[in-house]
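Me: I have a structure open and want to go through it with you. Can we start with the basics and then jump around?

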Amino acid sequence: MDRRPELIVHDQAAITNRHFIDCSASVSIGRFTTFAGCRSIVLSHSIDLVNCKQSSSPISIGEYCFVGAASVLLPGASLPDHSVLGANSLLNKIHTEQYFLYAGNPARPVKQLSSDMKYFTRTIGNVD
């Protein structure tokens, strides 16, 4: 298995407490991104049932993203820059459209967001 077990947390990103992040493969959290609330699960590994082997794929969370509480992110998933993942959502694939609220099980784009929202344009990581 060719994988990079690493957690990359870029400048000004924040991870609140009680989240589970499995780094069997690379997990990248972009600049100014917030993992909010608690109990989110990031799983970069799974079981390949056909070949009876462990498999892993990187997970990427873009810049200026907001990940809501109790979300689940699965191997190979990607949240694009300037996006929100709603609480209790399942991110199980690569999404590419920026400035959207992704929500549901599985997560899908449900609402376009304004590019001039202050969260997306701030220059310090802390949110007052």
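What follows is a run through the sheets, the core, the salt bridges and some backbone details.

Me: What kind of model is this, and how are residues numbered?
Reply: This is a predicted model, in which local features need pLDDT of at least 70, side-chain atom pairs count only at pLDDT 80 or more, and totals for chains, interfaces and linings use all residues. Residues are numbered from 1 along each chain as its sequence is written, and side-chain values use heavy atoms, with hydrogens and water left out.

Me: OK, sheets. What is the strand order in the open sheet with β1?
Reply: The order is β1-β4-β9-β12, an open sheet of 4 strands with parallel pairing. Strands here are DSSP runs (E, at least two residues), as helices are (H or I, at least four), numbered from the N terminus. Two strands pair if DSSP finds at least two bridges between them.

Me: Which strands are at its edges?
Reply: β1 (7-9) and β12 (78-79), each of which pairs on one side only. β1 is joined to β4 by 3 bridges, running parallel, and Val9 stands opposite Ile29 in β4.

Me: Is Val9 buried or exposed?
Reply: Val9 is partly exposed, because its relative accessible area is 39%. The cut-offs are under 20% for buried and over 50% for exposed, with partly exposed in between (1.4 Å probe, protein chains only). Val9 also belongs to a nonpolar surface patch with Leu7 and Ile15, with about 220 Å² of accessible area together.

Me: What goes into a patch?
Reply: Residues with over 30% relative accessible area and no salt bridge; like charges are joined within 9 Å, nonpolar side chains (Val, Leu, Ile, Met, Phe, Trp, Tyr) within 5 Å. The areas come from the Shrake-Rupley method with a 1.4 Å probe, and for residues only the protein chains shown count as cover.

Me: Now the sheet with β3. What is the order there?
Reply: β3-β6-β11-β14, an open sheet of 4 strands with parallel pairing. β3 (20-22) and β14 (90-91) stand at the edges with a single partner strand each, so one side of each has no neighbour in the sheet. β11 (residues 72-73) and β14 pair over 2 bridges, and Val72 has Leu90 as its bridge partner in β14.

Me: And which way do β7 and β8 run?
Reply: Antiparallel, with 4 bridges joining β7 (residues 45-48) to β8 (residues 53-56). Asp48 stands opposite Lys53 in β8. The hairpin has 4 residues between the strands, and Cys52 takes a positive phi near 50 degrees there.

Me: Switching to the inside. How many residues are in the largest nonpolar core?
Reply: 16, and those with the most contacts inside it are Ile61, Val67, Leu73, Leu79, Leu85 and Leu91. β4 (27-29), β9 (59-61) and β15 (100-103) each supply at least two residues of this core. A core here is a set of buried Ala, Val, Leu, Ile, Met, Phe, Trp, Tyr and Cys residues joined through side-chain atoms within 4.5 Å.

Me: What does Leu85 touch?
Reply: Leaving aside neighbours within four places in sequence, Leu85 is in contact (heavy atoms within 4.5 Å) with residues including Phe66, Val67, Leu73, Leu91 and Tyr102.

Me: How many salt bridges are there?
Reply: The count comes to 2, where a salt bridge is a side-chain nitrogen of Lys or Arg within 4 Å of a carboxyl oxygen of Asp or Glu. One joins Arg4 and Glu6 (3.2 Å, N to O). Arg4 is exposed at 57% relative accessibility, and Glu6 is partly exposed at 23%.

Me: Where does Arg31 come in?
Reply: Arg31 meets Glu63 in a salt bridge (3.1 Å, N to O). The pair links distant parts of the chain: Arg31 is in the loop between β4 and β5 (34-35), Glu63 in the loop between β9 and β10 (66-67), 32 residues apart.

Me: Last topic, backbone. Where is the cis peptide bond?
Reply: It joins Asn105 and Pro106, with omega about 0 degrees. Pro106 is in the loop between β15 and β16 (108-112).

Me: And what about phi at Tyr64 and Ala70?
Reply: Tyr64 is not a glycine, yet has a positive phi of about 55 degrees. Ala70 has a positive phi near 60 degrees. Tyr64 counts as buried at 10% relative accessibility, and Ala70 counts as buried at 11%.
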